[in-house]
Amino acid sequence: MASSKVNLPNNKLAVIYSLPQLFTGSTWEQLSSYESAWDQLQAAGVDGLYCINSNAQSRLLDYYAGKFSSSTQAIQDLDQSILSQVKEHFSLEKDLHSLGKYWQYVLILRNGELEKLISNPIKENMRSEEHTSELQSHW
């Protein structure tokens with residue numbers, strides 16, 4: 001799963017988590033919870049932590065990720081190339097716009113290859129508020 005926007009280290013374990021809505025309290029909580037868990041993630045073998053946004057807000061992702069986390073690197077997926085690969089790989093039926101705007105997920109990559117997807121259910125109305133704790137409890 002390669003992207004020209006992401007330079008993941010070779011032979012490394014990376015975690016990418018989505019932040020579909022940047023201007024909500026749950027986004028700041030999510031950034032803060034990954035920041036708090038960084039030592040645990042490193043102890044579990046994670047070499048890189050990334051957050052991704054695949055909608056128009058992604059232009060602001062670097063700023064907000066840097067403001068709330070020192071361990072997370074931001075991935076701007078404005079052209080939705082990464083999201084498109086995830087959609088295709090998992091045969092998702094929703095349109096890219098809806099996925100980019102509402103869908104929360106975590107990708108685990110080893111050596112640049114998708115190893116696991118942890119996802120909230122893709123409900124008909126694509127609302128994601130009730131799934132934040134489910135994703136965070138995986139760690």
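1. Start with the loop between β3 and α4 (81–89): Q80 sits there. In this predicted model, Q80 has a positive phi of about 60°, although it is not a glycine. Its side of the story includes burial: the relative accessible area of Q80 is 16%. Buried means under 20%, so Q80 falls in that class.

2. A second residue deserves the same check. N111 lies in the loop between β4 and β5 (113–119). Its phi is near 55°, again positive in a residue other than glycine. Is N111 buried or exposed? Neither: at 40% relative accessibility, N111 counts as partly exposed. The band for that class runs between 20% and 50%, so 40% belongs in it.

3. Now the confidence. The chain averages a pLDDT of 76, and 76% of the residues score at least 70. By element, α2 has the highest mean pLDDT, 91. Helix α6 (residues 132–136) has the lowest, 44.

4. Two stretches call for caution. Over residues 1–6 the pLDDT is below 50, and the model gives this stretch 16 contacts beyond near neighbours in sequence. Residues 126–139 also stay under 50. For them the model has 35 contacts beyond four places in sequence. Where pLDDT is low, predicted coordinates should not be read in detail. I would describe these contacts as belonging to the model.

5. Next, the main nonpolar core. The largest one has 17 residues. Y17, L19, L49 and C51 have the most contacts inside it. Two or more residues each come from β1 (13–18), α1 (25–36), α2 (38–43), β2 (48–53), α3 (61–68) and β4 (105–110). β1 gives the largest share, three residues. Nonpolar side chains tend to be buried together in soluble globular proteins.

6. What does Y17 touch, leaving aside its neighbours within four places in sequence? Y17 is in contact with Q30, L31, Y34, L49, Y50, C51, I52, T72, Y105 and V106. Apart from the largest core lies another, of 14 residues. Among its members are I52, L83, L92 and L107.

7. β2 merits its own paragraph. Six of its six residues are buried. G48, Y50 and I52 point one way from β2, while L49, C51 and N53 point the other way. In a regular strand the side chains alternate between the two faces of the sheet. Both sets in β2 are buried.

8. What does β2 pair with? β1 and β2 pair in the parallel sense over five bridges. V15 has L49 of β2 as its bridge partner. β2 also pairs with strand β3 (residues 72–76), in the parallel sense and over five bridges. There, Y50 stands opposite Q73 in β3.

9. Last, the cavities. How many of 30 Å³ or more does a search of the whole structure find? It finds two. The largest has a volume of about 40 Å³. Its lining is made of S18, P20, I52, N53, S54, L83, L99, G100, W103 and Y105. β2 and α5 (96–102) are the elements that give two or more residues to that lining. Two of the lining residues, I52 and L83, are also named in the core of 14 residues.

Technical notes: Residues are numbered from 1 along each chain as its sequence is written. This is a predicted model: local features need pLDDT of at least 70, side-chain atom pairs count only at pLDDT 80 or more; totals for chains, interfaces and linings use all residues. Side-chain values use heavy atoms; hydrogens and water are left out. A nonpolar core is a set of buried Ala, Val, Leu, Ile, Met, Phe, Trp, Tyr and Cys residues joined through side-chain atoms within 4.5 Å. Buried means under 20% relative accessible area, exposed over 50%, partly exposed in between (1.4 Å probe, protein chains only). Helices (H or I, at least four residues) and strands (E, at least two) are DSSP runs, numbered from the N terminus. Contact means heavy atoms within 4.5 Å. Two strands pair if DSSP finds at least two bridges between them. pLDDT is the predictor's confidence in each residue, from 0 to 100. On a 1 Å grid over the protein atoms alone, a cavity is a set of points where a 1.4 Å probe fits but cannot get out, and a pocket is an open set with protein on both sides within 12 Å along at least five of seven lines; lining residues have an atom within 4 Å of a point. Grid points are joined across faces, edges and corners, and a volume is the space filled by probe spheres set on the points.
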